[in-house]
Amino acid sequence: MKTPQIKPDGDKIMEIENNYQALVAALKLAITAPTDDKARECIEMAESFAATLSSNDVERAKDEAS
């Protein structure tokens with residue numbers, strides 16, 4: 001199932017196809033969020049995506065997002 005496209009990197013449009021990609025996007029959005037409230041929302045989403053992945057995939061996603 002594909003989710004709507006988002007813009008985590010400026011003008012770059014990313015089509016999210018799985019929870020790994022969703023985690024990377026949520027982490028990038030949390031880092032660049034304009035407010036603490038928006039960052040917290042992204043972190044909550046990231047935590048829910050991370051719960052479905054292996055610890056290795058979560059660590060890889062963190063590296064990719066930074």
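The charged end of Arg60 sits over the ring of Tyr20, with 4.2 Å to the ring centre. This contact comes from a predicted model. Aromatic pairs, by contrast, number 0.

**Overall layout**

The protein has 66 residues, and 27% of them count as buried. It contains 3 helices and 2 strands. Their order along the sequence is β-β-α-α-α. Take the contacts with a separation of 6 or more: 37% of them join residues 24 or more positions apart.

**Helix α1**

Tyr20, the residue under Arg60, is one of the buried residues of α1. The others in that set are Ala22, Leu23, Val24, Ala25, Ala26, Lys28 and Ala30. Lys28 is thus listed as buried along with Leu23 and Val24. Tyr20 also takes part in a contact at the start of the helix. There, a side-chain oxygen of Asn18 comes within 3.1 Å of the backbone nitrogen of Tyr20.

The span of α1 agrees with expectation, because its 14 residues should cover 20 Å at 1.5 Å a residue and its end C-alpha atoms are 20 Å apart.

**Helix α2**

Helix α2 runs over residues 36-50. From first to last C-alpha it reaches 20 Å, close to the expected 21 Å. The two helices compare with their expected spans as follows.

| Helix | Residues in helix | End-to-end C-alpha span | Expected span |
|---|---|---|---|
| α1 | 14 residues | 20 Å | 20 Å |
| α2 | 15 residues | 20 Å | 21 Å |

Which residues of α2 are buried? They are Ala39, Cys42, Ala46 and Ala50. These residues lie on the same side of α2, because they cover an arc of only 75° around the axis. The other side carries Asp37, Glu44 and Glu47, which are exposed.

What covers the buried residues of α2? The cover includes α1, residues 19-32, and α3, residues 55-65.

**The loop after α2**

Ala51 is found in the loop between α2 and α3. Is Ala51 buried or exposed? Its relative accessible area is 67%, so Ala51 counts as exposed, the cut-off being over 50%. Ala50, in α2, is buried.

Ala51 can also be placed relative to Asn19. The two are 32 residues apart along the chain, and 9.5 Å separates their C-alpha atoms. Asn19 belongs to α1, which spans residues 19-32.

Conventions. Residues are numbered from 1 along each chain as its sequence is written. This is a predicted model: local features need pLDDT of at least 70, side-chain atom pairs count only at pLDDT 80 or more; totals for chains, interfaces and linings use all residues. Side-chain values use heavy atoms; hydrogens and water are left out. Helices (H or I, at least four residues) and strands (E, at least two) are DSSP runs, numbered from the N terminus. The expected span of a helix is 1.5 Å times one less than its number of residues. Buried means under 20% relative accessible area, exposed over 50%, partly exposed in between (1.4 Å probe, protein chains only). The arc is that of the directions from the helix axis to the C-beta atoms. Contact means heavy atoms within 4.5 Å. A polar contact is a pair of N or O atoms within 3.5 Å; within protein, one must be able to donate a hydrogen and the other to accept it, and residues adjacent in sequence count only if both atoms are side-chain atoms. Rings of Phe, Tyr and Trp (its six-membered ring) pair if their centres lie within 6.5 Å; planes under 30 degrees apart count as stacked, over 60 as edge-to-face and the rest as tilted. A charge sits over a ring if NZ of Lys or CZ of Arg is within 6 Å of the ring centre and within 35 degrees of the ring normal.
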